[in-house]
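Q: I have a protein structure to look at and do not know how to read its features. Can we go through them in turn?

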Amino acid sequence: MRTLATISLAALACAACSKPADKPAATAVSNDVVIVATDYAFKAPATVRPGLVNFRFSNTGRVRHELNIHQFKPGVSIDPFIKTIREDKTVRPLIVGAVGVLFAEPGGHSNSGLAVNVLPGENYAVICIFRDSTDAKAHYEMGMYSLITGSSEAAAMTASIPTDTIVAMDYAFKYPQSVAPGPHAFLMRNDGKQSHEMNFLLLKKGVTLQKVLDTDKAGGNIDDMFDGDLGLLHSYGGTSPLGQLTINMLPDREYVVACFFQDTPKSLPHYKLGMYGSIHTTAQKST
């Protein structure tokens with residue numbers, strides 16, 4: 001059952017959440033690169049052509065997987081990165097930053113992408129940190145990680161799609177209240193002092209955020225109110241993720257953005273401090 005710990009957005013209205021974010025720009029995205037999950041490994045290219053690449057994620061396995069991408073600092077390879085995670089230490093000294101995370105159910109695929117400016121010669125880690133149960137090994141411990149390097153080829157041809165910026169603060173989002181349907185690239189900027197995430201979820205047709213809140217408050221099951229997690233971006237305070245979520249926004253729907261991070265294990269999750277909101281799409285594309 002989905003609970004407050006995973007998605008409930010208790011009624012903590014925040015004026016900052018409803019302010020429009022930066023004026024939409026445009027993102028130029030090259031051809032998609034599809035990474036495939038199996039149980040328990042990735043089928044990923046060793047190299048990709050540089051430029052703004054849109055990573056897609058497909059799951060041919062029988063359990064849920066994630067695609068978590070980081071860019072390494074020069075000279076860093078995959079082995080010390082995995083060793084650091086196994087030792088439960090911070091990977092911050094090893095990475096330029098996080099790109100983002102996509103999710104895929106068994107036999108399914110992510111309904112969004114991760115656009116990242118792949119640089120020639122730079123290394124990128126892809127890893128799954130899920131566990132099949134609380135006492136099971138993490139998927140990366142069973143070999144579910146890989147290394148991707150930007151090749152020395154010329155950058156690929158690109159096509160532009162609208163870009164919308166969502167600003168994370170301590171503890172609220174500034175975001176566009178509505179967007180036109182169709183392809184969008186969502187960029188997160190963290191203006192706060194704390195680490196934050198921008199978790200994107202789609203409500204089922206006819207469901208509103210208020211209905212989720214009311215059902216959860218009454219102790220009902222809200223699992224069936226969502227069409228799934230579309231992915232997330234996260235970053236340390238005062239920085240921005242290296243990737244952008246690329247989503248084909250459906251017409252006349254409501255999308256939820258939320259941060260579930262905690263400043264300390266004993267702190268309230270950020271959404272309980274007001275760090276959530278929803279974005280509506282118009283019925284038709286703007287002309």
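Q: How do the residues of the lining of the largest cavity divide into nonpolar, polar and charged?
A: This is a predicted model, and every value below is computed from it. The lining of the largest cavity divides into six nonpolar residues, no polar and no charged ones.

Q: Which residues line the largest cavity?
A: The lining is made of F55, I69, V116, Y124, V126 and I148. About 30 Å³ of space lies inside this cavity.

Q: How many cavities of 30 Å³ or more are there?
A: The count comes to one.

Q: What is the volume of the largest pocket?
A: A pocket is an open set of points, whereas the probe cannot get out of a cavity. The largest pocket has a volume of about 1300 Å³. Its lining holds 38 residues, and N68, I129, E197, H234 and F261 are the ones nearest the centre.

Q: Which element gives the most to the lining of the largest pocket?
A: Strand β7 does, with six residues. At least two residues of the lining come from each of β6, α1, β7, β15 and β16. By type, the lining of the largest pocket has 18 nonpolar, eleven polar and nine charged residues.

Q: Which residues line the second largest pocket?
A: They are R64, I129, F130, R131, D132, T134, A138, H139 and Y140. Four of these lining residues are nonpolar, two are polar and three are charged. The space in the second largest pocket is about 250 Å³.

Q: How is a pair of aromatic rings described?
A: The distance of the centres and the angle of the planes describe a pair of aromatic rings. This structure holds six aromatic pairs. In one of them, the rings of F103 and F130 have centres 6.1 Å apart and planes at 5°, so the pair is stacked. Planes count as stacked when they are under 30 degrees apart.

Q: Where in the chain do F103 and F130 lie?
A: F103 is in strand β7, while F130 is in the loop between β9 and β10. The two are 27 residues apart, and the pair links distant parts of the chain.

Q: Are F103 and F130 buried or exposed?
A: Both F103 and F130 are buried.

Q: Which residues do ring pairs link into a cluster?
A: The cluster consists of F186, F200 and Y255. A ring can also have a charge over it, and here the charged end of R92 sits over the ring of Y236, 3.8 Å from the ring centre.

Q: When can side chains of opposite charge pair?
A: They can pair when their charged atoms come close. In this structure the count comes to seven salt bridges. One of them joins the side chains of R64 and E105, at 2.6 Å from N to O. R64 is in the loop between β5 and β6, and E105 is in the loop between β7 and β8, 41 residues apart. R64 and E105 also belong, with D229, to a network of salt bridges.

Q: Why does R64 count as partly exposed?
A: R64 counts as partly exposed because its relative accessibility is 26%, and that class lies between under 20% for buried and over 50% for exposed. E105 counts as partly exposed too, at 44%.

Q: What is the distance between the closest N and O atoms of E87 and K83?
A: The closest N and O atoms of this salt bridge are 2.7 Å apart. E87 is partly exposed at 36% relative accessibility, and K83 is partly exposed at 48%. Another salt bridge brings together the side chains of R189 and D191, at 3.0 Å from N to O.

Q: Which sign does phi have in most residues other than glycine?
A: Most such residues have a negative phi, and most peptide bonds are trans. D88 is not a glycine, yet its phi is positive, at about 55°. D88 lies in the loop between α1 and β7 and is exposed, with a relative accessible area of 72%. D252 also has a positive phi of about 55° without being a glycine. The place of D252 is the loop between β17 and β18.

Q: Which residues does a cis peptide bond join, with omega about 10°?
A: One such bond joins D170 and Y171, and Y171 is in the loop between β11 and β12. The peptide bond from D39 to Y40 is cis as well, with omega near 10°. Y40 is found in the loop between β2 and β3.

Notes: Residues numbered from 1 in each chain as written. Predicted model: local features only at pLDDT ≥ 70, side-chain atom pairs only at ≥ 80, totals over all residues. Heavy atoms only, no water. Phe/Tyr/Trp six-rings, centres within 6.5 Å; stacked < 30°, edge-to-face > 60°. Helix = DSSP H or I, 4+ residues; strand = E, 2+ residues; numbered from the N terminus. Buried < 20%, exposed > 50% of the residue type's maximum accessible area, 1.4 Å probe, protein only. Lys NZ or Arg CZ within 6 Å of the ring centre and 35° of its normal. 1 Å grid on protein atoms, 1.4 Å probe; cavity = no way out; pocket = protein on both sides within 12 Å on 5 of 7 lines; lining within 4 Å. Points joined across faces, edges and corners; volume = space filled by probe spheres on them. Nonpolar A, V, L, I, M, F, W, Y, C, P; charged D, E, K, R; others polar. Salt bridge = Lys/Arg side-chain N within 4 Å of Asp/Glu carboxyl O.
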